[in-house]
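Q: Please take a close look at the annotated binding-site positions in this structure, and then set them in the context of the chain around them.

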Amino acid sequence: MFAPHDHALMAHALRLAAHGLATTRPNPRVGCVIARGDAIVGEGWHRRAGEPHAEVLALQAAGADARGATAYVTLEPCGLHGRTPPCADALVDAGVARVVIAAEDAAQRGGGGLERLRAAGIAVETGLMRDAARELNRGFFARVERNRPWLRLKLAMSLDGRTALAGGESKWITGEAARTDVQRWRARSCALLTGSGTVLADDPRLTVRLDDAPADAVGPLRVVLDSDLRTPRGAHVLDGCAPTLVLHAPGMRARDDRFAAVELAALERAGSGLDLGAALALLAARGMNEVQVEAGPTLGGALFAAGLVDELLLYVAPVLLGDDARALLALPPLACMADRARLRVHEQRMVGDDIRLLLRPAAD
């Protein structure tokens, strides 16, 4: 169905789309290539919500050469009016002869974009490198298709599976290269989620600190689960340097002005904490695609036990911390080995002296 040059051009469109990892939220990352045969005449990628989409930029670059050409788009062209006009109409007006799409977009159902392309006599083909396109936008698809963000749990441990000394000290288990790598994962996230216990113990900043961050990067929302509003005055997450949402139990009221620079929102309790599923639904409603959790074993274990973790970003350092050090996750005891949680390794690589594993729950 697809020729070798089709694969090569869509691969290039995907590389273009990846330029928007830290800038497009809440929109998906999209790339587009306009080509005549195997020769590129225009290309573009979506940079920021409210700005032109990838197709429009590629068509502008191609100019008159777009007529009769093929457009390779990593995501189904929009047929709905949003902040910008429908890209499907732009492709029709430009006179392209063929549109090749990597992944369909459930958010466009009812928009009629593909129908308008076909009605204009444009050949439409879908599914070229679909898996790669969905992987690039796994958070967007999670939010659109299941009403919750893609949840990534970031963890760092020693070779003996420990995350901190018995007294709580954890700086630093991993090396500098791994810590910089975490910043890159933060940069692509829409929100960074932690609990009040981690705020009390470590006072994290939960900001992106990268020298080479794009100038138009959109910093992630900081989200703190704080049932009883325990976050103390002077905590970094209350400093107002980044948008911050503190979720608390119903009926709780701040006793002073320490939360003046952040947003407060009530969430129903569930057990000893807050309703984690409701927290993720709330973030999805706010357009959060990827959420990175940086918290202790209690919150991490609760999310994992509830089946809300989509992937574990695990850094393994070549150190040993001993038997009395803190465990990776607080999980309920197992009755038998058949009940063990199974994960599959999606990716593994060395980052400095540490091993980085990207793990996902294994399918049954």
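**A close look at the annotated positions**

A: Arg209 lies in the loop that runs between helix 8 (196-202) and strand 9 (221-225), where helices (H or I, at least four residues) and strands (E, at least two) are DSSP runs numbered from the N terminus. This is a predicted model, in which local features need pLDDT of at least 70 and side-chain atom pairs count only at pLDDT 80 or more, while totals for chains, interfaces and linings use all residues. Residues are numbered from 1 along each chain as its sequence is written, and side-chain values use heavy atoms, with hydrogens and water left out.

With a relative accessible area of 46%, Arg209 is partly exposed, a class that falls between buried (under 20%) and exposed (over 50%), with a 1.4 Å probe and protein chains only. Once neighbours within four places in sequence are set aside, Arg209 is in contact (heavy atoms within 4.5 Å) with Gln183 and Arg186. Arg186 also appears with Arg209 in the unreviewed UniProt entry, which lists Ser170, Arg186, Leu206, Arg209 and Glu294 under "binding site"; such annotations may be inferred rather than shown by experiment.

Another listed position, Ser170, sits in the loop between strand 7 (162-164) and helix 7 (176-187). Ser170 has a relative accessibility of 25% and therefore counts as partly exposed, and, leaving out residues up to four places away in sequence, Ser170 touches Thr163 and Ala164.

For the wider setting, the chain is divided into domain 1 (4-137) and domain 2 (147-361), with bounds that come from an automatic or database domain assignment. The centres of the two domains, taken over C-alpha atoms, are 34 Å apart, and 11 residues of domain 1 are in contact with 15 residues of domain 2. About 1000 Å² is buried between domain 1 and domain 2, with carbon and sulfur atoms giving 44% of that area; buried area is the accessible area (1.4 Å probe) that two parts lose on being put together, summed over both. On the domain 1 side, Ala22, Arg25 and Glu135 lose the most area to domain 2, and together they make up 49% of what that side buries.

Elsewhere in the chain, five strands form an open sheet of mixed pairing in the order 2-1-3-4-5, where two strands pair if DSSP finds at least two bridges between them. Strand 2 (39-45) and strand 5 (123-126) stand at the edges with a single partner strand each, so one side of each has no neighbour in the sheet. Strand 1 (residues 31-36) runs antiparallel to strand 2 and is joined to strand 2 by six bridges, and Cys32 stands opposite Gly44 in strand 2.
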